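Good morning, and thank you for making time for this presentation. I would like to introduce a structure that is new to most of this group, and I ask you to look at it with me.

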Amino acid sequence: GGGTMEIAQGAALNLYTNSIANLSAVPSGPAVKGHGTLGIGTFDGTKSIGVGDNATGDLLLTNNAFNTVFGPNFEHYSIGGTRSVSGSTITQGTINVNHSSLTQNTTLQANNINFAGDMTLSSGKILTVNAGVKAEQTAGKIKTDNLAALGKEIKLDKNNEIGTLAADAFSINVKSDALTIGTITTPAGAPVASRTITGVKAGSVTSGSTTTNGNIKLAADSMTFTDGVEGKGTLELEQATAGTNLNVGKTGTGLTLPTSVFGGNKIKDGFEHVYLGREDATGTTNVGGSLNFLDPTTIRSGKTAGSMNLDGTTNITTNGNNLDLESKNLTTDPGSQVNTGTGDLTLKTDKMDLKGRMGSSGGKLNVLPISSNQDISLGSNDPTKLSLIDEYFNTVNGNNPVFWGYGSVNIGDRGGTGRLWQSGSMNIPFTVNIQQAINTSTGGVDLRGTINTHGRDYTVDS
């Protein structure tokens, strides 16, 4: 015969079974009803759970099951989890998600959580993903107003629609149309106690004398930093769509990263390297305002398309950290300032037109093409080549040079296949290292003019 179970407000019911095939609705409604937390896991964790109408698994939790077998009024669904039985720890091994639509706060906890299709939560609800090993998305869209990510490796990098993100895991890779980095308190009643997560934090793992740092990658066409991001690995902040513009330190159409997120305010000091923008971007990267970088930083636009401009309000300081500007085309406006202190500046571009100033206190200046087959013109302004002209290094017509204070300049791509052409007379008051096509059988260097290094060393390798 049939029976019912009913759970009171604030209470929790945990069912551990490998099948709910024998649970069915009764004439009065669902077999399991309540207003607290409904916990569902397999008997010993070795069987998989399928969440959604198209999910694979041993214990299948279809959308209909949460209306007929389980009542729709639970406040929280806790699926999977970890528990102690007779001194042993049982952890759910695998949860597979595909075409799931749930109306309540939902916690997924397992060693491996696989999103192979859509998962949608009702408005205002919280999706908590707690992966002991890895949460990975191979297809589908996650739609939730709040995503709390915990555990080890989080990789939810498809075209999702996520409102607020808070994460504390070894590594985090999340993509959404828009993201707010904020604070989420996970629902009570799950095997892991409720906790408040603020911002996005990547962890570190030490084994013996070796420490491995987790990375953070956030992709969205709009980002709001109510709270910050923190870690010791790499940080990537980029557009979700290649054609979306990137605005660093200034407002504009596209992904905007205002000056207020830098200087340790929202991007906390301590990252190994910070990357701003997509490598395959086709839009424009616009830079402006006073930018204070506390970690080595790369601002990038597309390798094969797109462009980057530093407007006249740009004032970048790096506190002795290295700065890389990478774009198919690079321009700087009069009045723009870059100061890397003792750090190095790398310009990686196929074409550039520099009107601002870029300086250092003895660091290295590296200039090379972003395309391996691009030719370089040293001394002549050739629109078909990456051109470095005398006024970039020397006072011409009373105008200050673009580059100042560098100890040395490295020109060329060691692995490039293009040629470097030098012509005319140039004054470069730094140690000069021309290094083009050293590691390739094509390309080379053609010197037809003179370079005055004012007593500094001058080396050519090819």
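I will speak about aromatic pairs, then about charges over rings, and then about salt bridges.

Please keep in mind throughout that this is a predicted model.

Let me begin with the aromatic side chains. How many aromatic pairs are there by the rule applied here? The count comes to nine. I shall present two pairs in detail.

In one of them, phenylalanine 66 and tyrosine 77 have ring centres 4.6 Å apart. Their planes meet at 55°, so this pair is classed as tilted, since edge-to-face requires an angle over 60 degrees and stacked one under 30. The two residues come from distant parts of the chain, eleven residues apart. Phenylalanine 66 belongs to the loop between β6 (59–61) and β7 (76–80), whereas tyrosine 77 is in strand β7 itself. Are these partners buried or exposed? Phenylalanine 66 has 3% relative accessibility and counts as buried. Tyrosine 77, at 1%, is likewise counted as buried.

The other pair is formed by phenylalanine 393 and phenylalanine 430, with ring centres 6.3 Å apart. Here the planes stand at 70°, so the pair is edge-to-face. Phenylalanine 393 sits in the loop between β40 (386–388) and β41 (403–404). Phenylalanine 430 is found in the loop between β44 (425–427) and β45 (431–435), so the contact ties together parts that are 37 residues apart in sequence. Both phenylalanine 393 and phenylalanine 430 are buried. They also belong to one aromatic cluster, which is made up of Tyr392, Phe393, Phe403, Tyr406 and Phe430.

I turn now to charges placed over rings. Arginine 83 lies over the face of tyrosine 16, 3.6 Å from the ring centre. In a further case, arginine 419 has its charged end over the ring of tryptophan 421, at 5.5 Å from the centre.

The last topic is salt bridges. Side chains of opposite charge can pair when their charged atoms come close. The structure holds 15 salt bridges, and I have chosen three of them for discussion.

Glutamate 161 and lysine 141 meet through their side chains at 3.1 Å, N to O. Glutamate 161 is part of strand β15 (residues 142–176), and lysine 141 is in the loop between β14 (126–137) and β15, so parts 20 residues apart in sequence are tied together. Glutamate 161 is partly exposed, at 31% relative accessible area, and lysine 141 is partly exposed at 29%.

Strand β15 also contains aspartate 168, whose side chain forms a salt bridge with arginine 195 at 3.0 Å, N to O. Arginine 195 lies in the loop between β17 (183–185) and β18 (196–198), so this bridge connects parts that are 27 residues apart. Aspartate 168 is partly exposed, with 27% relative accessible area, and arginine 195 is partly exposed at 32%.

Lysine 328 and aspartate 350 form a salt bridge at 2.7 Å, N to O. This pair links strand β34 (residues 323–332), which holds lysine 328, with strand β36 (residues 345–354), which holds aspartate 350, across 22 residues. Which partner is buried, and which is partly exposed? Lysine 328 is partly exposed, at 23%, whereas aspartate 350 is buried, at 1%.

Finally, salt bridges with shared partners join Lys217, Glu236, Glu238 and Arg300 into one network.

Thank you for your attention.

Methods
Residues numbered from 1 in each chain as written. Predicted model: local features only at pLDDT ≥ 70, side-chain atom pairs only at ≥ 80, totals over all residues. Heavy atoms only, no water. Phe/Tyr/Trp six-rings, centres within 6.5 Å; stacked < 30°, edge-to-face > 60°. Helix = DSSP H or I, 4+ residues; strand = E, 2+ residues; numbered from the N terminus. Buried < 20%, exposed > 50% of the residue type's maximum accessible area, 1.4 Å probe, protein only. Lys NZ or Arg CZ within 6 Å of the ring centre and 35° of its normal. Salt bridge = Lys/Arg side-chain N within 4 Å of Asp/Glu carboxyl O.
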